[in-house]
Amino acid sequence: MLSGKNILIGISGGIAAYKICELIRMFKRQNANVRVICTPNALNFVTKLTLQNLSQNEVGIQEFDVADFKPEHISYADEADIMIIAPATANTISKIATGICDNLLTSVVCAFKKPVIIAPAMNCNMLDNPVIQGNLKKLASLGYKILEPESGFLACGYEGKGRLCSLEKILEEAAAILNSTGTKKKYVITAGGTVEDIDPVRYISNYSSGKMGIALADEAFFQGNDVVLISTVDVKRPYKVIKVKSAQDMQNAVNEEFETADCIIMAAAVADYRVKTKSDQKIKKTNDDSLTLELIKNPDILKGLCERKKEEMLKQVKHDRIIVGFCAESENLLENAREKIQKKGCDFLIANDISRKDIGFSSDYNEVTILDKTGGIKKLERASKNEIAREILKEINE
Ligand SMILES: Cc1cc2nc3c(=O)[nH]c(=O)nc-3n(C[C@H](O)[C@H](O)[C@H](O)COP(=O)(O)O)c2cc1C
């Protein structure tokens, strides 16, 4: 899967640097081309000679070793298909997050327009530091793929979270991102809970955090696709994000983007109802003990898309597009999901059990059941939303 791919590995000065020697061999065994750049501090942990022999390439350290007309950092950035920074020290992470380019590695990553994987490794207290956590969050929000460090016995003698994730995980991530099929699709993905105004200060909404939809969009992007995220949650990403508020806003954006989409995933929690007449002024408290709001149905975006797809395919004006719905249920999950996929007419339905506290809304984890229109069912056991997202993309593309 990695044969002929150009992998650029950036090593910074952490104790886990020695493990990267084996990572280079793993990539080489897959017939990938590997180039290595190191921060000067990394050379305290591994030697240039070792890295050079394992990668069978010159190792870059000095930014000012200009071999031709193109500065080194631009050449490295242009040639690679993916960059992996492992181990990423607290120092290097923080420099990347603030745009500091004071060595070859940080300059290359700044000029790098393709996917970047960052595998942090450090002492658990360093990792726990809010500044480092903030920088990691910032990088994740900018589209860098952060591979969570693991917990265990650390080289510094502490026990805690901070170990470099497994080398297999880094290899798998790179392979998933570089995507063996190479066929680029346009994914339109919705995320978050819609907000229906009652008056200028009050609204009706739900607890959806948008994390599942965002994880799907990130995975689709990392696999080399064009992605449009239609979200009620404010996020900064290297792909197109359309910020919406109400179900009607979402429907407008979805209808427009569906025109050119290959796959649409409706992970957002769209309010079923909105108030019939939104008040322009704040509704005043009265002496009455109750207040009645009249609600009317919101458009059924998913159903509308399925009907449109059917019509367009009958008229042969559009190619087949995959439509994926989500259903959040607090009881009778499978029964309700089976009924919903029939009613809506979508290709796949992802059923979520929202009664559980350890998965679903706001959690970073999920456990879902994928139903397809032919009656097939597949359960995905509890895993991080990113892992669930990857499995969902795999299933719907099979
Ligand atoms: C023995 C030793 C081990 C270290 N291990 C780590 C580590 O695992 N992670 C980390 O963030 N910093 C670690 N450091 C500190 C970094 O080397 C230091 O912050 C350095 O400035 C990083 O530079 P660089 O990011 O340019 O490579 C270690 C330092 C020493 C002396």
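Asn31 sits in the loop that joins α1 to β2 (33–38), where helices (H or I, at least four residues) and strands (E, at least two) are DSSP runs numbered from the N terminus. Although Asn31 is not a glycine, its phi is positive, at about 65 degrees. The model is a predicted one, in which local features need pLDDT of at least 70 and side-chain atom pairs count only at pLDDT 80 or more, while totals for chains, interfaces and linings use all residues. Residues are numbered from 1 along each chain as its sequence is written, and side-chain values use heavy atoms, with hydrogens and water left out.

A second backbone feature is found at Pro87, a residue of strand β4 (residues 82–88). The peptide bond leading from Ala86 to Pro87 is cis, and its omega is near -10 degrees.

We turn next to the ligand. Its surroundings comprise 14 residues, of which Gly13, Thr39, Thr89, Ala90 and Thr92 come nearest; a residue is near a molecule or strand if one of its heavy atoms lies within 4 Å of it. Helix α4 (residues 90–98) supplies the largest share of this shell, 3 residues. By type, the shell holds 6 nonpolar residues, 8 polar ones and no charged ones. Here Ala, Val, Leu, Ile, Met, Phe, Trp, Tyr, Cys and Pro count as nonpolar, Asp, Glu, Lys and Arg as charged, and the others, Gly among them, as polar.

Polar contacts (pairs of N or O atoms within 3.5 Å; within protein, one must be able to donate a hydrogen and the other to accept it, and residues adjacent in sequence count only if both atoms are side-chain atoms) link the ligand to the protein as follows. An N or O atom in the side chain of Thr89 is 2.6 Å from an oxygen atom of the ligand. For the side chain of Asn91, the corresponding distance from an N or O atom to a ligand oxygen is 3.0 Å. At Ile15 the backbone takes part, with an N or O atom 3.4 Å from a nitrogen atom of the ligand. Taken alone, the ligand exposes 640 Å², and the protein buries 65% of that (Shrake-Rupley method, 1.4 Å probe; for residues, only the protein chains shown count as cover).

Helix packing completes the picture. Axes are lines fitted to C-alpha atoms, for helices over the stretch in contact, and angles run from 0 to 180 degrees between N-to-C directions. Helix α1 (residues 19–29) and helix α2 (residues 48–55) have axes that come within 9 Å and cross at roughly 15 degrees. The two helices, α1 and α2, are therefore roughly parallel to each other; angles under 35 degrees count as roughly parallel, over 145 as roughly antiparallel, 65 to 115 as roughly perpendicular and the rest as oblique. The axes of α1 and helix α8 (residues 167–178) come within 10 Å and cross at roughly 40 degrees, which makes α1 oblique to α8.
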